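Trainee: I am new to this structure and would like a close look at one part of it, with each term explained as it comes up. Please take your time over the answer.

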Amino acid sequence: MKTNLRQGIWVLAVAVGIGVGGVTVPAIGAPFFQEHDQDHGQDYSKNKTYQQGMRDGHGDQAHNRDHSKKRHFKKDEDQRSYESGYQKGRGN
């Protein structure tokens with residue numbers, strides 16, 4: 001009887017430890033990703049290429065297409081703003 005009780009307590013302790021560990025790890029990791037996005041992300045909301053990407057992404061999402069218009073821009077910044085808008089419009 002003592003062995004079953006000890007084994008039951010051990011299993012319960014491990015289960016609680018996994019439960020607490022599983023909840024706290026994402027909570028600890030979340031601020032890192034938010035800061036990372038804030039440092040490198042920019043507010044493209046008024047950028048024409050961002051808005052074009054939003055329209056294309058939204059249209060592709062509505063018609064269940066996969067990035068139907070592969071647009072390429074001369075400036076890297078325009079390409080990044082378009083892709084950012086596309087992903088936002090697509091819902092990713």
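Which residues does glycine 53 touch, not counting residues up to four places away in sequence?

Mentor: Before the answer, please keep in mind that this is a predicted model, in which local features need pLDDT of at least 70 and side-chain atom pairs count only at pLDDT 80 or more, whereas totals for chains, interfaces and linings use all residues. Residues are numbered from 1 along each chain as its sequence is written, and side-chain values use heavy atoms, with hydrogens and water left out.

Glycine 53 touches Tyr82, Gly85 and Tyr86, once residues up to four places away in sequence are set aside, where a contact means heavy atoms within 4.5 Å. Glycine 53 itself belongs to helix α2, and helices here are DSSP runs of H or I with at least four residues, while strands are runs of E with at least two, both numbered from the N terminus. With a relative accessible area of 0%, glycine 53 is buried, a word that applies under 20%, with exposed meaning over 50% and partly exposed lying in between, as computed with a 1.4 Å probe and protein chains only. Glycine 53 can also be placed against lysine 88, since the two are 35 residues apart in sequence, yet their C-alpha atoms are 8.3 Å apart in space.

Two of the residues that glycine 53 touches, Tyr82 and Tyr86, reappear in a cluster with Phe73 that is linked by ring pairs. Rings of Phe, Tyr and Trp (for Trp, the six-membered ring) pair if their centres lie within 6.5 Å, and planes under 30 degrees apart count as stacked, those over 60 as edge-to-face and the rest as tilted. There are two aromatic pairs in the structure. One of them joins phenylalanine 73 and tyrosine 82, whose ring centres are 5.4 Å apart and whose planes stand at 50 degrees, so this pair is tilted. Tyrosine 82 is buried at a relative accessible area of 0%, whereas phenylalanine 73 is partly exposed at 22%.

Tyr86 leads on to aspartate 60, which lies in helix α2, the run of residues 48-62. The side chain of aspartate 60 makes a polar contact of 2.6 Å with the side chain of tyrosine 86; such a contact is a pair of N or O atoms within 3.5 Å, and within protein one atom must be able to donate a hydrogen and the other to accept it, with residues adjacent in sequence counted only if both atoms are side-chain atoms. Aspartate 60 is buried, its relative accessible area being 2%. Leaving out residues up to four places away in sequence, the residues that aspartate 60 touches include Arg65, His67, Lys69, Tyr86 and Arg90.

One of those, arginine 65, forms a salt bridge with aspartate 60, the closest N and O atoms being 3.2 Å apart, where a salt bridge is a side-chain nitrogen of Lys or Arg within 4 Å of a carboxyl oxygen of Asp or Glu. Arginine 65 counts as partly exposed at 37% relative accessibility, in contrast to the buried aspartate 60. By this rule there are three salt bridges. Another one joins aspartate 56 and arginine 71, with 2.7 Å between the closest N and O atoms, and this pair links distant parts of the chain, since aspartate 56 is in helix α2 and arginine 71, 15 residues apart from it, is in the loop between α2 and α3 (76-90). Aspartate 56 is buried at 11% relative accessibility, while arginine 71 is partly exposed at 27%. There is also the bridge between arginine 80 and glutamate 77, at 2.8 Å from N to O, and these two residues both lie in helix α3, three residues apart, about one turn of the helix.

To set this part within the whole, the protein chain has three helices and zero strands, and 16% of its 92 residues count as buried. Among the contacts in the chain with a separation of 6 or more, 62% are between residues 24 or more positions apart.
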